[in-house]
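Biologist: Please give me a close look at one part of this model. I would like to follow the packing of the interior, side chain by side chain.

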Amino acid sequence: MRKLPRVLVVEDEPAIAELVAVNLRHNGFAPIIATDGDAAQREVDAVLPDVILLDWMLPGHSGLALARRWRQHERTRSVPILMLTARGDEPDKVQGLDAGADDYITKPFSTQELLARIRAVLRRRAPEIVDDAVTVGELTLDAATYRVSFRGQALKVGPTEFKLLHYLMKHAERVHTRGTLLDRIWGDHVFIEERTVDVHVKRLRESLGEAAAMVETVRGAGYRLTAQGSGRSTVA
């Protein structure tokens with residue numbers, strides 16, 4: 001018997017939670033409802049879900065705090081998180097993405113769009129990363145041990161930024177459009193905006209420190225990782 005994907009629905013409004021759960025059941029998913037952060041953490045500790053639908057505003061711990069916590073732990077860092085919120089302004093979206101969300105859904109939303117987004121993040125759950133090591137200039141990434149270093153000094157890089165850096169290093173000196181990076185890092189997901197790439201490139205540069213200049217912005221084209229690290233990148 002085929003195992004149904006487990007979807008943890010973290011939502012404190014019973015009507016919304018039940019509506020989402022019913023639609024998930026009718027479309028081949030196994031929903032689990034948690035009404036607050038503590039309950040959500042207990043569910044995650046008990047059985048790791050395949051995807052998490054996470055409300056921003058929750059009693060106790062906020063959705064942002066939970067997303068940051070789960071992204072910091074090895075066991076939960078690769079679980080797709082879709083943020084559900086009534087806050088639809090761009091700064092709020094950026095904040096949600098910065099916290100570690102893979103996607104951002106603004107209330108009210110259609111159930112068909114929600115289901116499509118869930119299927120999309122599940123399709124791209126397996127990243128395009130093999131257990132290899134790659135070096136560009138003085139920057140080294142080891143996918144097997146999940147380590148990044150520059151001039152022998154270890155760097156702390158988040159999970160999405162790690163995948164982004166790995167791809168850029170494997171294809172160094174080439175210019176990659178935002179659309180290409182979305183397809184290669186996030187998968188074929190029509191709902192995610194190209195702004196997502198800019199957010200994660202910004203975070204990657206912050207993580208790289210002195211090596212940040214190696215990630216260049218090519219005006220009107222996209223991004224490139226270069227061993228030159230000249231810092232003469234242009235702003236898009």
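Modeller: Two residues are in contact when heavy atoms of one lie within 4.5 Å of heavy atoms of the other. Keep that cut-off in mind for helix α7. The model is predicted.

Start with α7. Its buried residues are Arg178, Leu181, Leu182, Ile185 and Trp186. Seen down the helix axis, these residues fall within an arc of 105 degrees, so they line one face of α7. An α-helix has 3.6 residues a turn, so residues three or four places apart point the same way. What do the buried residues of α7 pack against? Their partners are α6, α8 and β11.

Now widen the view to the core around this helix. The largest nonpolar core holds 27 residues. Two or more of them come from each of β6 (133–136), β7 (139–142), β8 (147–150), α6 (159–170), α7 (178–186), α8 (195–208) and β11 (222–225). Helix α6 gives the most, with six residues. Which members touch the most other members? They are Leu139, Leu141, Leu165, Met169, Leu204 and Leu225.

Take Leu139 from that list. Leave aside its neighbours within four places in sequence. Leu139 is then in contact with Val134, Val148, Ser149, Phe150, Leu155, Leu165, Met169, Leu208, Ala211, Met214 and Leu225. Leu165, Met169 and Leu225 thus appear among the contacts of Leu139 and in the list of best-connected core members. In soluble globular proteins, nonpolar side chains tend to be buried together.

Another core lies apart from this one. That second core has 21 residues, among them Ala39, Val44, Trp56 and Ala101.

Next, the aromatic rings. The protein has two aromatic pairs. Trp56 and Tyr104 form one of them, edge-to-face, at 6.3 Å centre to centre with 80 degrees between the planes. This pair links distant parts of the chain, 48 residues apart. Trp56 sits in the loop between β3 (51–55) and α3 (63–72), and Tyr104 sits in strand β5 (residues 103–106). Trp56 counts as buried because its relative accessibility is 3%. Tyr104 is buried too, at 8%.

The second pair is Tyr146 with Phe162. Their ring centres are 4.0 Å apart and their planes meet at 10 degrees, so the pair is stacked. Tyr146 lies in the loop between β7 and β8, while Phe162 lies in helix α6, so the pair ties together parts that are 16 residues apart in sequence. Is each ring buried or exposed? Phe162 is buried, with a relative accessible area of 1%. Tyr146 counts as partly exposed, at 29%. Arg77 lies over the face of Tyr146, at 5.0 Å from the ring centre.

Go back to the edge-to-face pair for one more neighbour. Thr85 belongs to strand β4 (residues 81–85). Thr85 is buried, with 1% relative accessible area. Outside the residues up to four places away in sequence, Thr85 touches Asp55, Trp56, Tyr104, Ile105, Thr106 and Lys107. Both rings of the edge-to-face pair, Trp56 and Tyr104, are thus among the residues that Thr85 touches.

Last, the whole protein. It has eight helices and 11 strands. Buried residues make up 47% of its 236 residues. Of the contacts with a separation of 6 or more, 58% join residues 24 or more positions apart. The accessible surface comes to about 11,600 Å², and 49% of that belongs to carbon and sulfur atoms.

How values were computed. Residues are numbered from 1 along each chain as its sequence is written. This is a predicted model: local features need pLDDT of at least 70, side-chain atom pairs count only at pLDDT 80 or more; totals for chains, interfaces and linings use all residues. Side-chain values use heavy atoms; hydrogens and water are left out. A nonpolar core is a set of buried Ala, Val, Leu, Ile, Met, Phe, Trp, Tyr and Cys residues joined through side-chain atoms within 4.5 Å. Buried means under 20% relative accessible area, exposed over 50%, partly exposed in between (1.4 Å probe, protein chains only). Helices (H or I, at least four residues) and strands (E, at least two) are DSSP runs, numbered from the N terminus. Accessible areas come from the Shrake-Rupley method with a 1.4 Å probe; for residues, only the protein chains shown count as cover. Rings of Phe, Tyr and Trp (its six-membered ring) pair if their centres lie within 6.5 Å; planes under 30 degrees apart count as stacked, over 60 as edge-to-face and the rest as tilted. A charge sits over a ring if NZ of Lys or CZ of Arg is within 6 Å of the ring centre and within 35 degrees of the ring normal. The arc is that of the directions from the helix axis to the C-beta atoms.
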